[in-house]
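Hello,

Here is the structure you were going to look at. My notes follow below it.

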Amino acid sequence: MLKKDLKVILETYGCQMNISDSETIIAIIQTAGYRFTKNIMEASIILINTCSIRENAEKKIFSRLQYFQSFKKKGYKFIIGLLGCMAQRMKETLIKEYYVDLVVGPGSYLMLPTLIELAINGEKTINTNLSYDELYRTIVSLKSQKTNIFRFVPIMSGCNNFCSYCIVPYTRGKEKSRDLKNIINEIQILKKIGCKEITLLGQNVNSFFNKKDSIYFHNLLELIALMVPDIRIRFTTSHPKDMSDKTLEIIAKYDNICKHIHLPVQSGSSKILRAMNRKYTREWYLQLISSIRNIIPEISISTDLLCGFPSETELDHQKTISLMREIKFDSAFTFKYSERPGTYAAKYLSDNIPEIIKIKRLNEIVDLQLRTSLLRNKEHIGKTTEILIEGFSKRSKENLFGRTSQNKLVFFKKNDQQYIGNKIMIKIEKASATALFGKSLI
Ligand code: SF4
């Protein structure tokens, strides 16, 4: 059978890094001659790009796996491949216990065509080598152009921090910064194809360091800001310990660098932060927020909060609540702790907070954040702000939506497709906890 007759389903779960990896995977497979489908009846290869960061993410993937296996039992002939972080974490177990045909970690995607062929020929195939170098070298030419307006640009991968609850350093390996020449080359291409917003990606994006040219993250940001003054620049995810004043000054200096920082704090208790191995204290983080707001007054700050970590007392939890009250984050991703096999916390710390307490604490955090986000958003009412239009609202084709530099979602009445990808000024009239609503000034 010819490769073009073999169709692939690719499902993606997890973070922006996985979405970006999937774009690369699509292009690698297309270049090798395979075609894509959404129809399981005509698929020969099913690939699931997985996420391991939370227990729930893995549960979802196991249930997808069961769903696809049920078709196999009915006689459908296809191979199933697991890619990404779960592949890296579980390796052979996926083949031995879950009857997966192909297991490929995030560092081996360039070998996918060969690995798929082996699996099609009946060989259970596994490759979890963690070198990203090859993938990054060719990423530009292989990228699948899903949308040209908003694009992710990976600049580094991996993590050296080993937060005690996190599986990423084990699934993505050590920090590796991408070659400067390749980043610049990719951005030049994005400029040519009409890209309007670039998000620089990395597990620890602000620890980017190019040894060869002695380029730090703030140097790279400035270089890109100057190179593409008409393109908006975002970056995620930053570690607080790597957020330097120099980076803050560059964000403040250039209009095209968006005034939004996602800065996961996780807990407001220094005792818990130490147990999490976060490498900063509550006081240090508060000081950092104050510097950020001094240097970039119009900044919006979002965060991640994790409750119910081993040994978290009610007092520790209240410290998180008081930190939230003090900082007034614009928004937050909130989670309750679940053990991730293979991490330091799973090996050495007892998951000793009852589920009912975790849920109660999480609800308090969510509740407070919703009220704070609403207040933060209401501050924009009556103001005029620039947004970059992303598309139609899911609820009504009469409304378009876009984002401010501060990453606030804005909906407004207009039903004309031609505005997508353009910047316009909006007068904000209403606010909810999750979005702003306004009137376009065109
Ligand atoms: S900084 Fe911590 S939470 Fe973030 S990827 Fe690294 S180990 Fe995980």
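**A loop with a cis bond**

Start with Thr237, which sits in the loop that links strand 13 to helix 10 (245-253). This is a predicted model, so please read everything below in that light. The peptide bond leading from Thr236 into Thr237 is cis, and its omega is near 0°. Thr236 itself has a partner across the sheet: Leu201 stands opposite Thr236 in strand 13.

**The sheet with strand 13**

That pairing belongs to an open sheet of 3 strands, in the order 7-10-13. The pairing in this sheet is parallel. Strand 7 (150-154) and strand 13 (232-236) form the edges, and each pairs on one side only. From one strand to the next, the twist averages 25°. Strand 10 (residues 197-201) is joined to strand 13 by 5 bridges, in the parallel sense.

Which helix packs on this sheet, touching strand 7, strand 10 and strand 13? Helix 1 (residues 16-31) does. The direction of helix 1 makes about 95° with that of strand 7.

**The sheet 14-15-16**

Another open sheet has 3 strands in the order 14-15-16, again with parallel pairing. Strand 14 (260-262) and strand 16 (331-336) each have a single partner strand, so one side of each is left without a neighbour in the sheet. Here the twist averages 10° from one strand to the next.

Strand 15 (residues 300-307) and strand 16 run parallel and are joined by 6 bridges. Two pairs are worth picking out. Thr303 has Ala332 of strand 16 as its bridge partner. Leu306 stands opposite Phe335, also in strand 16. Between these two strands the chain passes through helix 13 (residues 314-327), and the β-α-β crossover is right-handed.

Helix 15 (residues 355-378) lies across strand 15 and strand 16. Its direction is at about 175° to strand 16.

**Ile292**

Ile292 is in helix 12 (residues 282-295). Is this residue buried or exposed? Ile292 has 21 C-beta neighbours inside 10 Å, and therefore counts as buried. Setting aside neighbours within four places in sequence, Ile292 is in contact with Leu248, Ile261, Ile299 and Ile301. Asp245 is 47 residues away from Ile292 along the chain, yet the two C-alpha atoms are separated by 8.0 Å.

**Cores**

The largest nonpolar core holds 94 residues. Within this core, Ile45 and Ile155 have the most contacts. Ile45 touches Leu6, Val8, Phe78, Ile79, Gly81 and Ile116, with residues up to four places away in sequence left out of the count. There is also a second, separate core of 12 residues, including Leu400, Val410, Phe411 and Phe412. As background, nonpolar side chains tend to be buried together in soluble globular proteins.

**Two lysines with positive phi**

Please look at the backbone of Lys91 and of Lys279. Lys91 has a phi near 40°, a positive value in a residue other than glycine. Lys91 lies in the loop between helix 3 (85-90) and helix 4 (92-98). With 15 C-beta neighbours inside 10 Å, Lys91 counts as partly exposed.

Lys279 is not a glycine either, and its phi is positive at about 70°. The loop between helix 11 (270-275) and helix 12 holds Lys279. What does Lys279 count as, with 15 C-beta neighbours inside 10 Å? Lys279 counts as partly exposed.

**Domains**

The protein is divided into domain 1 (3-127), domain 2 (147-258), domain 3 (260-379) and domain 4 (384-440). How far apart do the C-alpha centres of domain 1 and domain 4 lie? The distance between them is 36 Å.

**Where to look**

If time is short, go to the cis bond from Thr236 to Thr237. Then take the right-handed crossover from strand 15 through helix 13 to strand 16.

Best wishes

Technical notes: Residues numbered from 1 in each chain as written. Predicted model: local features only at pLDDT ≥ 70, side-chain atom pairs only at ≥ 80, totals over all residues. Pairing = 2+ DSSP bridges. Helix = DSSP H or I, 4+ residues; strand = E, 2+ residues; numbered from the N terminus. Axes fitted to C-alpha atoms, helices over the stretch in contact; angles between N-to-C directions. Contact = placed C-beta atoms within 7 Å. Domains from an automatic or database assignment. Right-handed = clockwise from strand over helix to strand, strands pointing away. Core = buried A, V, L, I, M, F, W, Y, C linked by C-beta atoms within 7 Å. Buried ≥ 20, exposed ≤ 12 C-beta atoms within 10 Å, placed from the backbone.
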